[in-house]
Amino acid sequence: MTGHTGPGERPATGDLTGKVALVAGATRGAGRAMAVELGRAGALVYVTGRTTRDRVSEVGRPTETIEQTAELVTAAGGTGIAVPTDHLEPAQVKALTERIDREQGRLDILVNSVWGGDHLIQFDTKVWDLDLAGGLRMFRLGIDTHIITSHFALPLLIRRPGGLVVEMTDGTVEFNRTYRDSLCFDVTKNVPHRIAFGLAAELKEYGGTAVSLTPGFLRSEEMLDHFGVTEENWRDAVADQPHFAIAESPALVARGVRELAADPDKARWSGQSLSSGRLAKEYGFTDADGSRPDAFGYFEEVVFGGKDATAADYR
């Protein structure tokens, strides 16, 4: 069995008291979980997104809002501040970072988790048959937003050494060497690796760190809904989708971000492609159920490699 070190939950323990974070794209899923975990560590967290209690984004999930996320951050022990922001609009992002500067005078952690393009993915469709507008919109949502946010936020982050930028994506560099069955999706989810690589070079002289980070098979709210299950009974979906047995809750990647941010030696990771499972092994934490799922090991060795093993051997 890989990764699992015994029963019982082992939460992250990094202390971020006094730190200021911006989680761009914190409405739901990994973004929400990372914002909450940073708050649990004591950070003040600005949470942004397009879905509020008064307005719903094109994702179309009105029950998940940035106000809820901010409340969860505060309830966890931090301070959550919701700022409605469309990260495709430079003026809005500029206003956001100016507000952070005005209110806090610093930024220690930037998590670029903006996405919202799942509804645009067309798997197993040749590029000439793709909906072109949808594919180009995917680039805007998953690439342009990250560049715009870094452009305005990094001048604030580099004021102090030790800053961290996390570029969220889907799949490690190694995993994404296998084509992701949709050209626009494949390109969109590979670009954050290069963004992190480039930012690592640009931040080095300021003592900053940049990484790309991916969860494994994420049990986001949207994925749970897709399979018709909840977090409490998610294993019921394994009968129809056996690979869902390796799924992880958003807590795993969130705990990874917390430990990264609190690590005084985080610069050793700069420029690298990381996964929630790899960070869990490195820092010794587990998922909320006490397991330590290694989704990419499972897919590479069992699903693609033909190894005689089950998902249980990788938890």
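Here is a friendly conversation about how the helices and strands of this predicted model are arranged.

Trainee: Before we start, what are the ground rules for this model?

Mentor: Residues are numbered from 1 along each chain as its sequence is written, and side-chain values use heavy atoms, with hydrogens and water left out. As the model is predicted, totals for chains, interfaces and linings use all residues, while side-chain atom pairs count only at pLDDT 80 or more and local features need pLDDT of at least 70.

Trainee: How many helices and strands are there in the protein?

Mentor: Both are DSSP runs numbered from the N terminus, helices being H or I with at least four residues and strands E with at least two. On that basis the protein has 9 helices and 7 strands.

Trainee: In what order do the strands of the sheet lie?

Mentor: Two strands pair if DSSP finds at least two bridges between them. The pairing is parallel and the sheet is open, with E3 (79-84) and E7 (273-275) as edge strands that each pair on one side only. From one strand to the next the twist averages 20°. The order is E3-E2-E1-E4-E5-E6-E7.

Trainee: Which residue in E4 is the bridge partner of Leu-22?

Mentor: Strand E1 (residues 20-24) runs parallel to strand E4 (residues 109-112), and 4 bridges join them. In E4, the partner of Leu-22 is Leu-110.

Trainee: At what angle does helix H8 run to E7?

Mentor: Axes are lines fitted to C-alpha atoms, for helices over the stretch in contact, and angles run from 0 to 180 degrees between N-to-C directions. Helix H5 (residues 183-203) lies across E5 (164-168), E6 (209-214) and E7, at about 165° to E6. Helix H8 (residues 276-283) lies across E6 and E7, and its angle to E7 is about 75°.

Trainee: Are H1 and H7 oblique or roughly parallel to each other?

Mentor: Angles under 35 degrees count as roughly parallel, over 145 as roughly antiparallel, 65 to 115 as roughly perpendicular and the rest as oblique. The axes of H1 (residues 29-40) and H7 (residues 250-262) come within 8 Å and cross at roughly 45°. The two helices are therefore oblique.

Trainee: Which class of residue has 9 members in the contact of H1 with H7?

Mentor: Contact means heavy atoms within 4.5 Å, and the residues that meet include Ala-33 and Met-34 in H1 and Val-253 and Val-257 in H7. Ala, Val, Leu, Ile, Met, Phe, Trp, Tyr, Cys and Pro count as nonpolar, Asp, Glu, Lys and Arg as charged, and the others, Gly among them, as polar. This contact has 1 polar and 4 charged residues, and the class with 9 is nonpolar.

Trainee: How many charged residues are in the contact of H4 with H5?

Mentor: H4 and H5 pack at about 15° with axes 9 Å apart, and are therefore roughly parallel. Among the residues making the contact are Phe-139 and Ile-143 of H4 and Val-191 and Ile-195 of H5. The contact has 13 nonpolar and 5 polar residues, and the charged count is none.

Trainee: And how many are charged where H3 meets H4?

Mentor: The axes of H3 (residues 90-104) and H4 (residues 132-157) come within 9 Å and cross at roughly 20°, which makes the pair roughly parallel. Lys-94 and Asp-101 of H3 are among the contact residues, as is Phe-152 of H4. By class there are 7 nonpolar and 2 polar residues, and the charged ones number 2.
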